[in-house]
Amino acid sequence: MIHVSLTHYLVVSAFLFSFGLYGVVTRKNAVMVLMGIELILNSANINFVAFSKFGNYGLNGQIMALFVIILAAAEAAIALAIVLNIYKTFAHVDVDKINNLKE
Amino acid sequence: MNGFPILSVITFLPILGMIIVLSMPKEKNREVKIATLVITILQVILAVILLANFNYSLGGINDPKSFQFVEKFRWIEIPGISWIGTFKVDYYLGVDGLSMAMVLLTAIVTFIATLSSWTINKSVKGYFALFLLLDTAMMGVFVALDFFLFYIFWELMLLPMYFLIGIWGGPRKEYAAIKFFIYTLVGSVLMLLVMIGLYFSAKETLADGSQVYTFNLLALMNPKNYTHTGLLSPLNADNIRLIAYIGLFIGFAIKIPMFPFHTWLPDAHVEAPTPISVILAGVLLKMGTYGILRISYPIFPEITRQLMWYIALFGMINIIYGALVALAQKDFKKLIAYSSVSHMGYVLLGMASLSAVGINGAIFQMFNHGTITAMLFLIVGVVYDRAHTRGIYDFGGLATQMPVYTGVVIVAFFAAIGLPSLSGFISEALVFFGAFAVTTTRTLAIISTLGILLGAAYMLWTLQRIYFGKLNEKWANMKDLDLREIVMFVPLMIIVIYLGIYPSAMLNLLHASVAHLTNFMAQHAQSFLISSL
Amino acid sequence: MSLYDVIFYLFALVTLVSAFMVVTTKNIVHAAFYLLFTFFGVAGIYALLGADFIAVVQLMVYVGGILVLILFGVMLTNKITNVQIRSGSTNLVAAAVVIGIFAGALLTMMLNTRWLVNPGKTLITTIPQIGSLLVKQYVLIFELLGILLLIALVGAASIARKEEREK
Amino acid sequence: MSDITLVNLSLIILLLPIFGFTILIFFGKRFPKLYLLETTFLGIAFVLAAIIGFVKLGTLTEHTIIFQFTWIDFGKLPLFGHLKFILGVKIDNLTAIMLLVVTLISFLVHVYSIGYMHGDKRFSRYYAYLGLFSFSMLGIVLTHNLLTLYIFWELVGLSSYLLIGFWFEKKSAADAGKKAFLVNRVGDIGMFLGILILFTNYHTFTYDSIFAAIGAGHLPFNSPAWLTAAGILLFMGAVGKSAQFPLHVWLPDAMEGPTPVSALIHAATMVAAGVYMVARIFPMLTADALLVIALVGGFTSFLAATIAITQNDIKKVLAYSTISQLGYMVMALGVGSYAYGFFHLVTHAWFKALLFLGSGSVIQAMHHEQDIRQMGGLRKKMPITYYTFLVATLAISGVPFFSGFLSKDGLLLGTYAFGSLTGHILIPIFGFTVVVLTAFYMFRLVIITFHGEPRNQEKYDHAKESPKVMTIPLIVLAVLSFFFWYSPNPFSSESGWFISKWIPTPHSVVPENMRFNFMKTAGEAAGHVQNGGEAIVHSPMYMEALHHAHYPAMILSILLAALGIFLAYWIYQWKKVDPDMLADRFNWLYKFSLNKWYFDELYHATFVAGTVGLGKVLAWFDSNIVDGVVNGAAWVTRKVSQFSGAFDHYVVDGLVNFSAFASGFLGLVLKKFQTGKVQTYVVFVVFSVLILLLIFRPF
């Protein structure tokens, strides 16, 4: 078995991304959608850190990962606030039924 | 006065007022009016302070040292443009006798127009904001000494005027506003072309010794500053200065308005609300003649001399034609509008003579026409406010009903006729003295004296049709002037009578500048011509 | 197969399995807990990659912050009394097909690309370097993110509160 | 009394009326009694004028006082040198006499108006206007330069306008005021041009400076023709103001004003201003100019007299008689009979004012009836009015022992001598014909109005003598119409103080070759009688001619006057001939005279209609051609823009519309994809990325 290399990490991240995407696409509950998004973000972060280790860019990748985490926190806060609002408005958080944007 | 930027203050004070007015709540109509009034009063006070500190012995015109209250600094500077070097525009303000008279006139007429705007009830806030913007633009035109700056103010004035006529005007306001706008815009375009042409024809030497293209009017007046290749340079054998002069002249002539470019005026006047007519006739028309004196004359002295007969001819046509057409009008306001055409003819005639007396008379006439026509339009406004009609034949016998008003009317009408002891006479007389003294314009001056008769004819006929005779029963309830209207008329009447009895008050202000201008033109007409050989 | 490799596979397994559970389980609360494991796994991967600081931050922010937030979200948006905590899914098959293809493409890309690998020296600790980068090279972004967080905080509070005030 | 005191007094006289005017305009409505103030002011002015008169005429006869100050200083100018407009007062004998005349008549009219205008609703306004008029008239009299003369000239025009149109509710009154002002303006344009010529050449307005320059041989534009032109143009002002042919048409209409105003302005003072002005500029008039003046004056006097004999309105008769007499004065000046021309101005002022005031008295007694055919027999009802009126009639007819005889005789003598010296006999013919006509129409007026039986019994019954406030001015003026004020000898004024002392004929400054032969200085040494103040411009030849003409002219004029009076009595008193029969016999002549030679109609058809018509044509031109070009340009622009609009619409926009249609179609299709669900979109995104991956195959 070969030694763990960059590709391994990338494959893990690719799977994680796909799972996250699957979550975002299939889930009805807005909170679950959010969870999917978190997964996607994490997968991206893994790539950043991995490239930071194996690439030629020093610690910049880690810094980016850090920023992504911060943004994720902000995004989660806002998104949940919105979800709360949606809940107050529609009494549910089913994204399937929230399609007032149509027409 | 040292260091205090009084000209900037007097020019931009209305902008401040505009901001104040805009920040007021919409329903505070009265407060908006009072704020505007305060601003215009402040402006009059500033103008009086200017006058009190004005040195009557300094000429101005082309001499930077004898301009007063000068403010000059670099406004726009873009260095290192490949084919023109440094592009620079100065913020350059200053007054001499010529502009001082106009600044005074603007301040006074604006104040009066504000009082007259009291009856405006439709979107008051917007009206007064535009009004104050217009005020700034007018003031700016008269104090700017940089062509670029002048042009900006000139154009700036167009915008509020368009809306003031187009929104607050009479039944055909859109037509009138568009006509005014397009006419003036045509003039502006011509002016812009000449301005650019001049810019690329002369270079100013800066303090550090470098030479740059310039918009500085004073630098453009010096034949030494012109380059050999400039299109409008007298040094260039292929120059097109004559065409440029005519273009520029048409640009200004539209504003005067000179026959045959005058037809926007009656429409604009008839449709504009009274205060705007007052401003239009009182100040805006002066911009044309002011521009000619400030820009065309000193920058193109040799061509002015070449064309003086034609200018006088158009002056004469304006006088006679305007008066004859006025005679046939049935609309009171239109009649006054045509009388403006006729009266501005005197200004042209006096200017065309190129003699000191004639130019003195012309500038004095500009001032007097400003005050007198303001009164005339206010007079129309008074009846229009009450009767909502302006047909001359709709009235009759108002003298019985409104004695105070009729007294004012008589003073104003006779001032317009040029009755001695009222200001209009001196200026018209000086115009004739000047124009007659010069051989070129003598014949035209003689013909133009007919205007004195025709002026009296249409004015007295109007006086008789509207004010004398039996009272039309329809107007038996018409009220005489109220206090606000009296306050509106009294300052103008005082000015008209005071300047009629003691014209030196104004002429002293002018004569250093006018003498300087005529001397300058006499000398430089030669040097401009010689350098072109 | 070194210990390093073993630990990597362990973490990768934890991460992927729990992530799969997150997106497949019907129970929201369960999903949240699976998510917790995912975050742990990812943190482990960070640690394996020598990013100790990021790993710690991952734990603190995701586990300590975001996850709690999500749980609160779950609590607040599902009627606890009804215990209707299950959540449905849509278009399962179609999504699975599309995303399967996508994942395939992604994996192909990952595997077929010849990555430029230049393993630098492994640092014992990255914290001083990250700190100095943050206050030197990235100081502007750093500050901006601080402001962004503040805004997000205020914004979230304001959005969430709005309805109540109207009532 | 020093010069400066006299100047100050004269300035006080000048300013008192305008002061009164200001007060009355502003406070007249609140204090209705203020008119008394104005009257008092005029009284004071008269007293001061009398003082000036006594001092000036008594002790300083040969001395001219000039006081001047700078009004506008232009500094040094190219073309004009150091230019100043100077205002000033000139007090010589002419001024002193005129001051007396103006202030006294003005005062009397003020007093008279208290009675005449009693109860008018604009009483204060009336007095204010009178004050304005007095001020302006005194200004004309006092000024020493042409510019101020012109200024006051226009101001009297204004006050005349206001007073003629005083009852502006009447359309005819308002019309008359306008007509007066405009007709005067025509003359004023000429005068203004004359001033322009003089100013352009001499850069001054002062009479004396101009005369000095001409005397030094400096002609306008170096041409004698221009000097003549300047003289005639200035005279045009007088033609307007003194109602000379062809601008005489305004004066009869001006009778629409209140009668005292007619007396003051349109008989005694303002209309005489023209004559006064000609007298002022007399030294610079060339022979040609003088001849024009004489002919205009002579013709005017004849024209007006012929009209006066048929008029039936009492004021119209007097108006034409005024024009005729003014023509006399102008003619006198034209023939070089300077002193008599001015003398006639003074005497005429008294008796013509008297006639008008008398007519006012009659009109009021008859309840504003002005038609003499409604009057008759008023002698018994109104004795004071009648006798004073009679005195004035005798004076104007040139009957010895009255003032009119002295002046008229003198000026007829002048025309006689002129005719015999130059051969222009038309002028003396005019002069002597008018004597007959004047005597005839004046006595016709007196006889029809005061003698015989009343024609309108009802009005007659109500008529009564006017109150004292009106009759006293009549008496004062009547007294002034006797000969003894002017000369101790009732048959000749030569020994009188007017001619021998007070009014010396000024030097002509015109170059020798442009004067009449008899006015040349060459060889005049013998006739140059300085001490008598006479004959300064006149050569011995002229003196001799004058001497020869003396008795023939006097006898002729007395006989002709008698003839006129006799004819009037023959026809109207003794009714030997029926006037209606005469009118029928000479129908067209009668019509011609009655309709004032059709001048009004002529002017109206030509000048007025012409101007108004031209105005209308130009207004049409303006709104259709000039503006039409503008609107046409706008139309063309619009058409072009419509065309390009069409192009835009069908071609450019066609493409656009097509693409819009296409996108609409697509939209219909794609609408299916717009589910409004975020997740669907995500799937699309993923799908797209997949497609991109397939296309670019980055692996």
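Helices here are DSSP runs of H or I at least four residues long, and strands are runs of E of at least two, both numbered from the N terminus. With that in hand, welcome to the tour; please keep in mind that this is a predicted model.

**Stop 1: chain B as a whole**

Select chain B and colour by secondary structure: you should find 20 helices and 4 strands. Along the principal axes, the C-alpha atoms of chain B occupy a box of roughly 75 × 60 × 40 Å. Its radius of gyration is 23 Å, which agrees with the value near 24 Å for a compact globule of 533 residues. Of those 533 residues, 62% count as buried. If you draw a contact map, look far from the diagonal: among contacts in chain B with a separation of 6 or more, 78% join residues 24 or more positions apart.

**Stop 2: a helix pair in chain B**

Now select residues 6-22 of chain B, which form helix α1, together with residues 124-143, which form helix α4. The two pack at an angle of about 170°, and their axes are 8 Å apart. An angle over 145 degrees counts as roughly antiparallel, so α1(B) is roughly antiparallel to α4(B). Show side chains next. On the α1(B) side, the contact includes L7(B), I10(B), F12(B), I15(B), M18(B) and L22(B). Facing them from α4(B) are residues including F128(B), L132(B), L133(B), M139(B) and V143(B). Sorted by class, this contact has 14 nonpolar, 4 polar and 2 charged residues.

**Stop 3: the nonpolar cores**

Bring chain D into view alongside chain B. The largest nonpolar core has 449 residues, and those with the most contacts inside it are A101(B), V103(B), L349(B), V275(D), V278(D) and A353(D). Which helix gives the most to this core? Select residues 356-387 of chain B: this is helix α13, and it contributes 18 residues.

Centre the view on L349(B). Beyond its neighbours within four places in sequence, L349(B) is in contact with A312(B), G315(B), M316(B), I319(B), V431(B), A435(B), L444(B), A445(B) and S448(B). For a second, separate core of 83 residues, move to F48(A), F51(A), V22(C) and L35(C), which are among its members.

**Stop 4: chain A**

Hide the rest and keep chain A, which has 3 helices and 0 strands. Its pattern along the sequence is α-α-α. The C-alpha atoms fill a box of roughly 50 × 30 × 25 Å along the principal axes. The radius of gyration of chain A is 17 Å, whereas a compact globule of 103 residues would have one near 13 Å. In chain A, 59% of the 103 residues count as buried.

**Stop 5: where chains meet**

Show chain C again next to chain A. Of the 4 pairs of chains that touch, A and C have the most contacts. Here 64 residues of chain A are in contact with 70 residues of chain C. On the chain A side, α1 (6-26), α2 (30-54) and α3 (60-90) each supply at least two residues, and α3(A) gives the most, with 21 residues. That side has 44 nonpolar, 14 polar and 6 charged residues.

Next, display chains C and D, where 10 residues of chain C are in contact with 7 residues of chain D. The chain C side of this contact has 7 nonpolar, 3 polar and no charged residues.

Finally, look at the pairs that do not touch. Chains A and B are one such pair, with their nearest C-alpha atoms 35 Å apart. Chains B and C are another, with their nearest C-alpha atoms 27 Å apart.

How values were computed: Residues numbered from 1 in each chain as written. Chains lettered and ligands numbered in written order. Predicted model: local features only at pLDDT ≥ 70, side-chain atom pairs only at ≥ 80, totals over all residues. Axes fitted to C-alpha atoms, helices over the stretch in contact; angles between N-to-C directions. Parallel < 35°, antiparallel > 145°, perpendicular 65-115°, else oblique. Contact = placed C-beta atoms within 7 Å. Nonpolar A, V, L, I, M, F, W, Y, C, P; charged D, E, K, R; others polar. Core = buried A, V, L, I, M, F, W, Y, C linked by C-beta atoms within 7 Å. Buried ≥ 20, exposed ≤ 12 C-beta atoms within 10 Å, placed from the backbone. Rg over C-alpha atoms; globule rule 2.2 N^0.38 Å.
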